[in-house]
Amino acid sequence: MMSRLILVVAVLAAGVGLYFGLVQQAGSPEVAETVAFEPSVGLIDDERIKNAESEPGNWLSYGRTYDERRFSPLTQINRETVGGLSLAWYKDMGTNRAQESTPIVVDDTMFFTSSWSRVFAVDAKTGDTLWSYDPKVPGEWARRACCDVVNRGAAVYRGRVYVGSLDGRLIALDAATGAELWSVDTIIDRDRFYTITGAPRVANGKVFIGNGGAEFGVRGYVTAYDAETGDQLWRFFTVPGDPSLPFEHPEMEVAAKTWKGGNWWEIGGGGTVWNAIVYDPDFNSLYIGVGNGAPWTRVIRSPGGGDNLFLSSIVALDADTGSMKWYYQTTPGDNWDYTAVQDMALADMEVDGMMRKVLLQAPKNGFFYVIDRQDGKLLRANPYATVNWATHVDLESGRPVENPELDYLEEANWVLPGPLGAHNWQAMSVDVEAGLVYIPAQDNPLIFGMSEEWKQTGVYKRDPGRWNTGLEFGAFTQTLLENIESMPTPKGYLTAFDPLTGESPWTVEIPHYWNGGVVATAGGLVFQGDALGMFKAYDKATGEVLWEFNTYTSMLAPPITFEVDGEQYVSILTGTGGADMFSGEPLPPVAEHASLTYNNFGRLLVFKLGGEEILPVPTKRDRSIPVQPMLTASVDQIADGERHYGNYCASCHGLVARSGGVIPDLRVMGEEKHQIFNQVVLEGLLAQRGMAAFDDVLSEESVTNIHHYVRARAEEDRLFAAGEIEAPQLTWLGGE
Ligand code: CA
């Protein structure tokens, strides 16, 4: 453990190191291999991460250990003592964008990331900032991110901290000072909307990182860089590129045979590796979770059929060379945004009387996969949530059996899981001893239907400025209202799940579907923060709530637990957002989430037994809608605005112009904002704050019509709240 004295030295040394950091940028990166953190951070190496179980007080890598099971052996906070858990300290992140980071704790220092890819190193006992680093991502880059300006974490290794920035750089920092040592551009085509939101992983002197961007139409890949120098060592593409060009590596020749017809390389392809990358010391393998197809609809992407490898797959690579060992495709011919990028955990388990080294994953598609890590053989695939797109997974062939009634080529259908997944990136926890996995799951449907344009012409034109899913997002509200009667009820739950039998010993329902990741402990607890702002400890044997704390903010990030100087701590970052564009004033019985009621406070909260810090109680937001200036717009104009709003604005500002509380709610704009509306949308007046210009895709007339639509929506919600109308009509596309 680092003593208090050494910590003081570390703070003082930070200034010196910063100076070194600035000097070294001109030449020798080695110079900044500093000082104060040795022998703790400086010595985080492969051996130490491989043996992470021997230092249970630390949280040395993204999923705590290379196994990424997120199960802590700590027991001081347990079923008997958890009632005495209270706030030790908290830190405001100065932002109300979503927080998704898993901190790394090394001895008494905590490293974590925040929105806009900012990095912090703090004293884990007090929250005092040792250093912070801002990669200065341009504000307008927010438009290029499907799901908020988030970051899921950093890696700490050999005296350095590695972070991927939203605008696609992989950056190495001096762990002692935060000084930038090197930065490389990971993006192969900067005209396409690539991002990084995931945490890098480290092993064997390498740093591994993928990208996001499939919704906008990009081609996925993962890259290994030299941890010391930043030199690129290998790159594995997940989907084939332009067939007129040579294959980048032999696996692309295999993959290309499963794409038929169409022009996927122009419209995207997809398969981004935006989250799970797991190193397996047992086989020196790197498992990558591959994302959905771009566009979502396979008939556009690959009209001749085919599995479209390696979409929605788990791919095992040789960690040293990047060559493929095996793959398992969870969703052949993905048609529903069913990424297989969700966290993967490694374990040794007895399966059918034989000890096996297995990989565990609960991807979006609703089935929980148990796969042999040696050869990729599928051992189990039980549903862990409500699934209607497939009846089951055939273990012999390893393929799901699709439900033909849910095909949406001709008519729209509610599909479960929806694109938010039955489980998303919010971490699960694997409890090997109990044989259970604790999963933050949801039943959250989407109505899938082909776009009118495609139905009428059979032609799909990629629009570089927006989500390219193949679905009709512009008319989404109309489709939703026409099919509202048959909508399955969205719900969230925390479930204890046996991956071998498919049974759930307990399940706890949560009033909102979009909740946080979990950590379980040998103290018998499962911790989770939820959409209602409640941070809870559940009894891992029964699901009974043993402790809860009101943070007044919705949570997505996974809690972690660690120990400093003999005291156990539990921490969590608060602040929701991400991909949930339906979160604004959700339809009952889904409850309103805390960040909508209060605010989306980006904070790090740290708890211990007998903590004495008090969290301020916020007042509720004023969500009253001002009277709108008189409208002089025709129904056609408002309908045109609605279509554009659905295509370009809804993914951030919320469906039907009701914001989920993260991005500004356009219905409450004051007169001064109305005055500058066109300048904001067309000229980028607020680009620095994250609202980029859209003049490349929207005309002045379209923006004026969006403005009409927003005012019309605002006015009917205001009248409804005042009891002056029976119900808002929500859509104008029907022509009334
Ligand atoms: Ca996606």
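R466 has its charged end over the ring of Y648, 5.9 Å from the ring centre. R143 does likewise with F694, at 3.9 Å from the centre of that ring. Keep in mind that this is a predicted model, with a mean pLDDT of 93 for the protein and 94% of the residues at 70 or better. Below are the calcium site, the aromatic pairs and the stretch to treat with care.

**Calcium site**
- The calcium ion gets its donors from E215 (OE, listed twice), N292 (OD1) and D337 (OD), at 2.4 to 2.7 Å.
- Written as a spacing along the chain, the donors read E-x76-N-x44-D.
- E215 and D337 bring distant parts of the chain together, being 122 residues apart.
- E215 comes from the loop between β12 (206-209) and β13 (221-226), while D337 comes from the loop between β20 (324-329) and β21 (344-351).
- Why does E215 count as buried? Its relative accessibility is 8%, and the cut-off for buried is under 20%.
- D337 is buried too, because its relative accessible area is 4%, against that cut-off of under 20%.

**Aromatic pairs**
- The count of aromatic pairs in the model is 39.
- Y162 and W182 are one tilted pair: the ring centres are 5.9 Å apart and the planes meet at 50°, which is tilted because it falls between the limits of 30 degrees for stacked and 60 for edge-to-face.
- This pair links strand β8 (residues 160-164), where Y162 sits, with strand β10 (residues 180-185), where W182 sits, 20 residues apart.
- Both partners are buried, Y162 with a relative accessible area of 1% and W182 with 7%.
- F193 and F216 make a tilted pair as well, with centres 5.1 Å apart and planes at 50°.
- F193 is in the loop between β10 and β11 (201-203) and F216 in the loop between β12 and β13, so their pairing ties together parts 23 residues apart in sequence.
- Buried or exposed? F193 and F216 are both buried.
- Six residues form one aromatic cluster: W296, Y408, F448, W467, F473 and F476.

**Confidence**
- Which element has the lowest mean pLDDT, and which the highest? Helix α1 (residues 4-24) is at the bottom with 30, and strand β34 (residues 525-529) is at the top with 99.
- Residues 1-39 stay under 50 in pLDDT, and the model has 56 contacts for them beyond four places in sequence.
- Predicted coordinates should not be read in detail where pLDDT is low.

Notes: Residues are numbered from 1 along each chain as its sequence is written. This is a predicted model: local features need pLDDT of at least 70, side-chain atom pairs count only at pLDDT 80 or more; totals for chains, interfaces and linings use all residues. Side-chain values use heavy atoms; hydrogens and water are left out. Donors are N, O and S atoms within 2.8 Å of the metal (3.2 Å for Na, K and Ca); water is not among the atoms, so sites may look incomplete. Helices (H or I, at least four residues) and strands (E, at least two) are DSSP runs, numbered from the N terminus. Buried means under 20% relative accessible area, exposed over 50%, partly exposed in between (1.4 Å probe, protein chains only). pLDDT is the predictor's confidence in each residue, from 0 to 100. Contact means heavy atoms within 4.5 Å. Rings of Phe, Tyr and Trp (its six-membered ring) pair if their centres lie within 6.5 Å; planes under 30 degrees apart count as stacked, over 60 as edge-to-face and the rest as tilted. A charge sits over a ring if NZ of Lys or CZ of Arg is within 6 Å of the ring centre and within 35 degrees of the ring normal.
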